[in-house]
Amino acid sequence: MNSEEHGFTQGEQGPRVRSVNHRELRANADFVLYWMIAARRPFFNSALDRAIAYAGKLNLPLVILEPLRCDYPWASDRFHRFVIDGMEENRQAFAVAPVTYCPYVEPAPGTGRGLVDALAERAAVVITDDFPCFFLPQAVEQMGRRLAVALEAVDGNGILPMSTADRPFSAAVHFRRHLQQHLREVLRCAPSATPFKDVRLKTLGPLPKSIRSRWPSASTALLRGEQGSLDSLPIDHEVSAVAMRGGWSRARRRLRAFVSRHLSRYAEGHKHPDDRATSRLSPYLHFGHIGAHEVFSAVMKHEGWSLRKLGLKATGQREGWWGVGAGAEAFLDQLVVWRELGFNTCAKNADNYENFESVPNWAQQTLAKHLGDLRPHLYSHAQLERAETHDPLWNAAQREMLRAGWCHNYMRMLWGKKILEWSPSPQQALATMIAIMNRWSLDGRDPSSYSGYMWTLGKYDRPWPEREVFGTVRSMSSANTAKKVRVKNYLRVR
DNA sequence: ATCGGCTCGCGCAA
DNA sequence: TGCGCGAAGCCGAT
């Protein structure tokens, strides 16, 4: 899976790199530091490439710190287990690379404080990941102000670097056209599939004892996922670990299975929850256990694609532009267009991407007009969270989220539309969606999840005939959904 | 089973 | 300035 095979050339990272604090590199430093906070993977990682390039140029060792706080919103056994699974697989990958890898799991709130600062004091430069959502933008800005050394954030999120667009997009078709105009050039700033190939770096060995004793690496028990190893952490134990396990090699296995078994029939199959034909890669993409370029590369290899197959006219057309089979066309629209539209939205609306005010005016107005409509079903946050409604199909989607930590894409739309219908106000519906999906779904707290919440409230969409409660916002019904898509087995899952 | 109409605003062609 | 068209819908007519 070599990215060059598909027309990528490497090393042109400019559009992905952002100086956070405009400070200088430190002379007489001991190493280069990669503060890995979003792209938690050892391959196809633009920030890692940047850090390796610095270490080579400065003739210094590379230290990779992968931390996990215990006090971020919705921290739970579920997310900890998944992230720590990833740490163990990263440990194995980095054990055979010329780097010092430090997985750190914070044992109590605040105990991790000062670790990045202490390492940065010895670093020539600090590289980190540029993720436009959740608490990460603020954490990176704060760190930039605090550090005396240069901090660079690298955007390894998608095929299209966020800096390529200077504005938000109100509809997928506009973003799709923009992507079609820029795809050829952005494929030149792709990350390496084999970042350590032909790279010789100085090595450091273990960190100084002063640092190791105050911030010891994650224990073997934690990394191996031993029973009870999360019990002492002050996180939400009610949200338990799930069958889906984290890490780059599990992500890669899932990718291979999806491409070989489901990709060719994805265009039709992805609609039907019973078919289980979707990739289920979103948790891995969210935590950075797999990169968009690796997924793209595997899909295109399967399709025998090359740059020559791309359409010539960037019209925003949904099908046929990539020049691959219908299944791959439909999947790429998800992976690249819809996923990266979400990153664009968060990046260009940093202040309000999680607020009701970011849905278009026509939708805000029509929902306001229907605030007084009779709502035959009103459920509390707790009833919804426990899947206790009168609607078996909706309950099934919510149960899937509780049990599997994930939910079928098509069902998420119905899930959100019904929460809008069953809530006293759209603002409260949004708050409920955020609270439930961010808490239970492994891929919550991601630009794509926020795009989904906002879509149910009318964002990226157009008006439809006026109805109770929804106004002219598009509605969905469980009865129609059950008629259109196969849900027989889905309903049986308890 | 299939089809048209519903409704707003954006971006492009003219 | 006008025109075409849009994440996955719903409803009623044929």
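User: Which residue caps the N-terminal end of α18?
Analyst: Asp-446 does, with a side-chain oxygen lying 2.9 Å from the backbone nitrogen of Ser-448. Helices here are DSSP runs of H or I with at least four residues, strands are runs of E with at least two, and both are numbered from the N terminus. This is a predicted model, in which local features need pLDDT of at least 70 and side-chain atom pairs count only at pLDDT 80 or more, while totals for chains, interfaces and linings use all residues. Residues are numbered from 1 along each chain as its sequence is written, chains are lettered from A and ligands numbered from 1 in the order in which they are written, and side-chain values use heavy atoms, with hydrogens and water left out.

User: How many residues of α18 are buried?
Analyst: Helix α18, which covers residues 447-456, has 8 of its 10 residues buried, where buried means under 20% relative accessible area, exposed means over 50%, and partly exposed is in between, with a 1.4 Å probe and protein chains only. The buried ones include Tyr-450, Tyr-453, Met-454 and Trp-455.

User: What covers them?
Analyst: The cover includes α12, α16 and α17 (426-440), with contact meaning heavy atoms within 4.5 Å. Just after the helix, Gly-458 takes a positive phi of about 115°.

User: Let's switch to the DNA. Which residues come nearest to strand C?
Analyst: Of the 20 residues around DNA strand C, the nearest are His-270, Met-413, Trp-464, Ser-477 and Lys-484; a residue is near a strand if one of its heavy atoms lies within 4 Å of it. By class, the residues of that surface are 9 nonpolar, 6 polar and 5 charged. In this scheme Ala, Val, Leu, Ile, Met, Phe, Trp, Tyr, Cys and Pro count as nonpolar, Asp, Glu, Lys and Arg as charged, and the others, Gly among them, as polar.

User: Which side chains have an N or O atom by a phosphate oxygen of strand C?
Analyst: Arg-318 has a side-chain N or O atom 3.0 Å from a phosphate oxygen of DNA strand C, and for Asn-480 the corresponding distance is 3.5 Å. A polar contact is a pair of N or O atoms within 3.5 Å; within protein, one must be able to donate a hydrogen and the other to accept it, and residues adjacent in sequence count only if both atoms are side-chain atoms. Arg-467 has a polar side-chain atom 3.1 Å from a sugar or linking oxygen of DNA strand C. The elements that give two or more residues to this surface are α5 (172-186), α12 (326-348), α16 (409-421) and α19 (478-484), and α16 gives the most, with 3 residues.

User: And what surrounds strand B?
Analyst: DNA strand B is surrounded by Arg-167, Ser-170, His-174, Arg-177, Trp-362, Pro-463, Trp-464 and Pro-465. Of the atoms of DNA strand B that come within 4 Å of the protein, sugar and phosphate account for 71%. For DNA strand C, 44% of the atoms within 4 Å of the protein belong to sugar or phosphate, and the rest belong to bases.

User: Where does Pro-463 come in?
Analyst: A backbone N or O atom of Pro-463 lies 2.7 Å from a base oxygen of DNA strand B, whereas Arg-167 has a side-chain N or O atom 2.8 Å from a phosphate oxygen of that strand.

User: Back to the protein interior: is His-408 buried or exposed?
Analyst: His-408 is buried, with a relative accessible area of 3%, and its place is in the loop between α15 (392-404) and α16. Polar atoms of the His-408 side chain lie 3.2 Å from the backbone oxygen of His-270 and 3.2 Å from the backbone nitrogen of Tyr-410. Leaving aside neighbours within four places in sequence, the contacts of His-408 include Lys-271, Glu-400 and Tyr-490.

User: Last one, what does chain A add up to in helices and strands?
Analyst: The secondary structure of chain A comes to 20 helices and 6 strands. Its radius of gyration is 23 Å, close to the 23 Å that the globule rule gives for 494 residues, so chain A is as compact as a globular protein of that length; the radius is taken over C-alpha atoms, and the rule is 2.2 Å times the number of residues to the power 0.38. Of those 494 residues, 60% count as buried.
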